[in-house]
Structure formats: C-alpha cells, structure tokens
Amino acid sequence: MTTPMTPGIVSGRLAADEISRNFDDLHAPYDAHEARVAADRCYFCHDAPCMTACPTSIDIPLFIRQIQTGTPEAAAKTILTQNILGGMCARVCPTETLCEEVCVREVAEGKPVTIGRLQRYATDTLMARQGHPFARAEATGKTVAVVGAGPAGLACAHRLAMKGHSVTLFEGRPKAGGLNEYGIASYKSTDDFAAREVAWLLEIGGITVETGKTLGDGLSLDGLKTDYDAVFLGVGLGGVNALRIDGEEAATAAVDFIAELRQSDDLTMLPVGRNVVVIGGGMTAVDAAVQSKLLGAESVTIAYRRSRDEMPASTFEQGLAAAKGVRLLFNVMPVAIGDGAITLEYTATQNGKLAGTGETMSLPADQVFKAIGQTLTTDGGLVIEDGKIAVTDTGRTSATGVWAGGDCASGGEDLTVTAVAEGRDAAEDIHAVLMGV
Amino acid sequence: MADLTSNFLGIKSPNPFWLASAPPTDKEYNVRRAYEAGWGGVVWKTLGSEGPPVVNVNGPRYGAIYGADRRLLGLNNIELITDRPLQTNLEEITRVKKDYPDRALVVSIMVPCDEESWKAILPLVEETGADGIELNFGCPHGMAERGMGSAVGQVPEYIQMVTEWCKKYYSKPVIVKLTPNITDIRNPARAAKAGGADAVSLINTINSITSVDLDLMAPQPTIGGKGSHGGYCGPAVKPIAMNMVAEIARDPQTHGLPISGIGGVTTWRDAAEFMALGAGNVQVCTAAMTYGFKVVQEMISGLSQWMDEKGYTSVDQFVGMATPNVTDWQYLDLNYVTKAKIDQDACIKCGRCYIACEDTSHQAILMSEDRVFEVNDSECVACNLCVDVCPVENCITMVELPKGEVDPRTGQTRGDYANWTTHLNNPSAQAAE
C-alpha cells in the first residue's frame, strides 16, 4: 500500500476520505446567525478605509449593514454591482492585505471585521436563492471580442453585455474561468464554484463563449479588429519563468500541477512526490506546496531566495503553509537538480544586490515545482512595458480599438480582484467609445 | 424593484423616509446633503418666532445609552429649537425647495400659544413654497418650561385651538407632532383631528435621564455640575412609539387620520413595522445622527427587497395591514394553546431556559444529569420566557396544540375561539347572563 513514505512520485498516498477532508473548504461558510454576529462588529465607517483598499471599490459598510438587517441579497447586489466575481473574490482575495488589513477594528484591536467571509455569505445567499440579478440594456448592435475568459475577460464581457453589446468571449482552454478554474488552490474554490460562477455570470445573456481559440492560435489581433467593433485582451500570462539551473528539465511548473489538480475528478489518482520542493515565494508557491502536503507528500519545502519579510505570500498564507506542515526556507536559491535531490545555495544581500554566499545545502527532492512568476506569451504586436502589454488607466493599448486588462496588462497587482476591476473599467471605456458618450 | 414613491397628504416623495425635525435638518447645508444621499423628505428643524434667536447650552447636549460594543441604543438631548435667525431659515427653505421640487419639505414650527404669534409666522412659511407644516407640540425640555412644546401637547384643548389657527392662516397640510409624555395618546390625537389637522406625527422624545455620574453626583449630560432631563430617542424607544401609533390607528375616533411614524426607525424593517401599524411614512433622526445620511441606502434597498418578495408594488398596499390585528386583551383567544418545544439538535445546553423557568416561572423545564433540557407539557403555560432567553435562534419554539386535543396542564380539550368577555370567571360576563 502506498503511504506518504513511498519513494518517488506516486498517487494514493492518503485514503480517499482523508484527502477529501484535506481539500474541504478552507473557511467553512457562515450560517445566518454567524453572519449577523460578524456583521454586527462593523462600525459603518464614513469614507471607509476598507472600501478604499478594495481594488473594485465595493461599498463594504453598506453591504455589511444590509446583512445586519437581514437582506443578504441586497448586500450581494451592492457587491456584484462593483465586482461581478464577488463570490470568487470572497474566497481568494488576500483580504488580510486589502480590506481587512485597514479595517479600523484591525488597526485598533488586531481583529478585523471578517469582510471576506461576510462577502461570501451574501453572494452565496443570492446565488442560491435568486437568478441572475442584472438585466441587459437594449441591444446596441455593437460587437466586442474578449480574448481570455479569466477574471478580467469575464468582468469585461459581463459589463459589456449589461450595456447591450454583443460579446464573443474566446478562451484557449476547454473551460472558461481562467485562473479561477485552473490556478487557485482547490480548498478555496470547493464544489466546482468557479464553473458555477461562470455559468451564473453568463445568465446575463449576450455573451457567446468560444473555447479552444486564443491569440496566435486560431485568432489574430488584426482579424479581430476587422471583425469586431472593439477588442479586449485578457490573455493572462501563459509562460513560466525558467530557473536556469542544471537539471531544470526535472522541474515542473507549479501552475501546471495546480491546474491538473483542479481538473482532477479523483485526487487519490493524482501523483505527488514523497519529498517535494517548491521554488518561489508567492501565492502560487504556497498553493502548490500546501496541496502537495494535503495529497500526502511526506515532506514539502518552499525555498524562497529572499527573507521572510520580503515574501510576496501574505503572513496568512505563510501561516497556512506552516500549519499544514510545509517547511519555509528563506534566503536560499536553487543551483542544481539531480539524483532525487536539489542543491540550494544560501543568499545574502550585498551592495543592494542578492547574491549566493557560496554555502550550499542539499535536500531530498523527487518532485520540484517552479513558481517564480509567469510571462506573457504573445504580444500581438502591441507596445510592451516591463514584460506586459502597456495600457492606460482605462485599459487602452497602443492600438486603437484594442484594450487589455488583468495579469497580461501593465500596472496593478496580479490578483483576481485587480483583474476584475481592470476588465470592468475597460468595458466602461469601450462602451463610452463605441456609443460616443 | 418595487416603487417606493410615497404620497403623504398629497406631499409626494421618492420614498417614505423623511428626516425628522432635529439637528440634521437645521440648515441648508445639511438638508442638501440629505437629499443628495437619497432621503425622500425632510422636516426642517423647528422655527420659532421672529426676534432674538433662542440660545443653547454650551456644554454637552446629548447623553447616550449603549449596548455591548458601544452600539448606540438610546440618545437623549437638551437642544432647543433652531438658534438661527428666522429670516435665514426662511430664505434657505425657499432655495432648497426650489432646487429639490421632487422631495418633501415640511417646516416644523413652535411659537407661543397665542393666535397673533401663529398668524405672524404662518404666511412667512407659506411664502417659502414648503409642502406643509408640522406643529412641534412635543419637545419636552427647555421650551416646555416657557409654555411651548410638550406643554401644549399635554393639553388637548390647546392642541385643538392652535391647530385651528394653523388651518385658518395656512393653506397646505398641517401635521401635529405629539408628545409621548402623556397618559393616553389618543386624547391629543383626537384633539388634533378636532382642530382640523391633516395628520399627526409621533412620537416626539421621552422625558429621560440617561445616566448619573456617580463622582459628580449629577445626571448626564452634565452642564457645570447640574443636569436637566432630556428627550429620549433612538432604537430603545421604538416599542413605545409603535404602541402609540397603533393606539391612534385603531381608535374609532381617529381611525383613518394619517400618521407619520417616528421613534427609533433605524432599518428598513423598523419602517415596515411602523407602516404596517398604520403610519403612512416614517421620520428618522437618531440613525442618521449615528451613521450619517448614507444609512438611508439600506432602508431603501431593504424595503424594496421585502416589497418585491411579498409582491407589494406600492407602499400604500401594506400601510395599516397589521392594525386590525392589534386588539384589546379581552378579545384574545383564551382557547389558543401552545407548548414550548426544545430542538435537542440545536440546544447548546447552557441551561438558561431551565433556570428562568425554574426560578421565575412555572417549573416546566426538566433538566437531566447529563444536561438534557426538556419541557414538561403538564406544567408549561406557554409564557415564552424560555424562547426569549434562549441564545440560539429557533432552538425553542412554541408549538400550537391542535383543536380537539387535550392540554396536559389543564386536562381540558382545546375548544373553539373564546375570550374573556364570555369567560366563566369574568363577573361581568356572568352578570350579563
């Protein structure tokens, strides 16, 4: 029988029921009573810091008050008006570094109002009880191509459809959803939530989804510009940064592992190493490491080249990894992979630059994941800035009639909620341009 | 989305939420902000006679009662009517009404109890273009000592007399605002109606001392070591206000007289409850003073959602719907029998129901050695105390005993509706036979 100790990369390290428990909801949803108690802590602050911190500017005090007064559906409308993917954002937003970090009760008491969980309560309630809450405006006759059905593309398509435009949403993968569907830890999006949310979003009407097509693969920017009145690119970052070390071929992309895990019907069939090492320090690194552990890997290590303070993954994510038994190593960088082990070199900052100290260590590693960032795979001939498509505040690219948003576009953090804001704002600008308003 | 448009005495407003005459409506700046925030109407802070403006204290004007976590439950105040010149207020009212023709603007007035004073101010108010007036017969502090406010509201004859003057010298709707500092609210309401009032609004604030500073040995708010009673308002007064609204709504002599409901309205639900009891609209003050004008957004979204869920398309459809179900005790069905039932799955075994019943009620809850709590139907009088003290919602419920079944407490079979007026123990009932 396979156990966490079984050498190599194998499946079934844990029994089915244990894996099922491991991948349960990270935070159990609130029931109505819990939600009212949690909502009661909100002070209904004026010009609330939480609202300012939210990239989609959700009126958080208002929606929490609407929960207090027993109208979670109205609360959900307040949320979804600003952020149509408010359900997913409630699950995946790093609230500890956004709204909840600046909550006056966090600042004063170290105990924020649990905004993320309350947002989930409201949006879940609405999605369970009501149909789609928005209606389309009268058809404008204008057509828009949205390339990429991730958070940015979905938010853009929805806002455009609501304004009465006819949207074709192109997606290279078999399913819409982007990183919500393929790239986020499973315990943050249980019960197929990403797919359910997409289906619910599309109920607005006016959006045709075409999968298996993306820029450079079945679609050209020139062709789209000819066939549609406007184009929005939300193509994400399809490439993975390389480690550039000996034995690199033995390492796999953490995003591919996460995608495979998210699409798996039976996690007991998903192979994972006995000794797993993840190179990187962001959310993707944590998601890959924690899920490796939950699948039954005996030892899992995150190796990050800088200090704990500089780690992009939030304190909450670091704590989550540690609680699940992941070891966090700081100030180490990989130098070689081979013979079931990885060699790491300690680092230090010298003269403002990070460099190896010459001292090395070796860790057993039958599976190495690289999670040191993703790259743009196609630029479509547009002006590029720091490796991303250059855009204005409203998402305009260097080409007339072409907008871009989400991870592929310059500016902003690579967060679901930022992508939603950018897609939404680009849609508003596209609408203004198309209608001459 | 439901249509919240309100038509109160012919005064139209986009929703039934008006700001009550109070500090939030004291001047143009605030009222414009209120309208921009979405308030359907405003009752301008009370104007007094021309002449030297009233003066206010320069120490604290408010005292508060808090729940845990400093939730403001009750507020009292010793502020007087507007302390700004009459002419300034009149000019501002004129400008604001002109700029917001779709919003309700009613002017609150309090002048001495003589015809000349009313005759002098009413034409000036009429000229502003405001939609109506509200007579402040309610303020219980300061002005009452000078024979105005609640000093008038406590004497029905005065109410009728002043209302008659107002109907004589003013052409638009006259609303009489009532004080709750009175034994039977129906008498001032009847007087207002007799005087020709188009509506009554209630309640004004309640005489109160919110707390005593035990170091200073003085009531709060304390002004230089002394305190004066103030007017109490906010969520805490809502039950008192709703009863008074219902009393007027169901009194045969005042039934049908339009009512503007005031007293602790904080959420959409509070508004719906006042309106179900017979209020045509509601006025709000403390919620706005606690949370700012934006709080009306929740009232609007909540009332709208509830109306949609219930299928109401206009606010008039549910106004007064609960009034016929407010009755006298003597007409309650004495054959209606319920028994408390504890949901063992929901029970968290705190024991509060047990000790409340054991120490202070009817010893109808049994406790086992392993902390299982069960109701003894043969002792349960269905008082509801266990439901009220249980910290878990819906854990204890009152289950109706079907007709024809035997109540284990009395041994009697549950019969058809019968009330005290025909009960055997009622000497009056027996005398009538």
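This is a short chat about reading the domains and contacts of a predicted model.

Colleague: Let's begin with the layout. Into which domains is chain A divided?

Modeller: Look at the residue ranges, since a domain can be written as two stretches joined by a plus sign. Here domain 1 is 9–23 + 240–374, domain 2 is 32–129, and domain 3 is 143–238 + 377–435.

Colleague: How far apart are the C-alpha centres of domain 2 and domain 3 of chain A?

Modeller: Those centres lie 26 Å apart. As for the contact, domain 2 of chain A puts in twelve residues and domain 3 of chain A puts in 19 residues.

Colleague: Which helix gives the largest share of the domain 2 side?

Modeller: That's helix H6 of chain A, residues 86–92, with five residues. By residue class, the domain 2 side that touches domain 3 splits into eight nonpolar, three polar and one charged.

Colleague: Now the two chains. How many residues does each give to the contact?

Modeller: Eleven from chain A and eleven from chain B. On the chain A side, the elements giving two or more residues are helix H4 (60–68) and helix H5 (72–82). H4(A) gives the most, three residues.

Colleague: And what residue classes make up that chain A side?

Modeller: Three nonpolar, six polar and two charged.

Colleague: What does UniProt list for residues 143–423 of chain A?

Modeller: An unreviewed UniProt entry lists that range as "domain: FAD/NAD(P)-binding". In the model, the chain over residues 143–423 is 26% helix and 31% strand, and its end C-alpha atoms are 16 Å apart.

Note on methods:
Residues are numbered from 1 along each chain as its sequence is written. Chains are lettered from A and ligands numbered from 1 in the order in which they are written. This is a predicted model: local features need pLDDT of at least 70, side-chain atom pairs count only at pLDDT 80 or more; totals for chains, interfaces and linings use all residues. Two residues are in contact if their C-beta atoms, placed from the backbone, lie within 7 Å. Helices (H or I, at least four residues) and strands (E, at least two) are DSSP runs, numbered from the N terminus. Ala, Val, Leu, Ile, Met, Phe, Trp, Tyr, Cys and Pro count as nonpolar, Asp, Glu, Lys and Arg as charged, and the others, Gly among them, as polar. Domain bounds come from an automatic or database domain assignment. UniProt positions are given in the numbering used here, feature names are shortened, and annotations may be inferred rather than shown by experiment.
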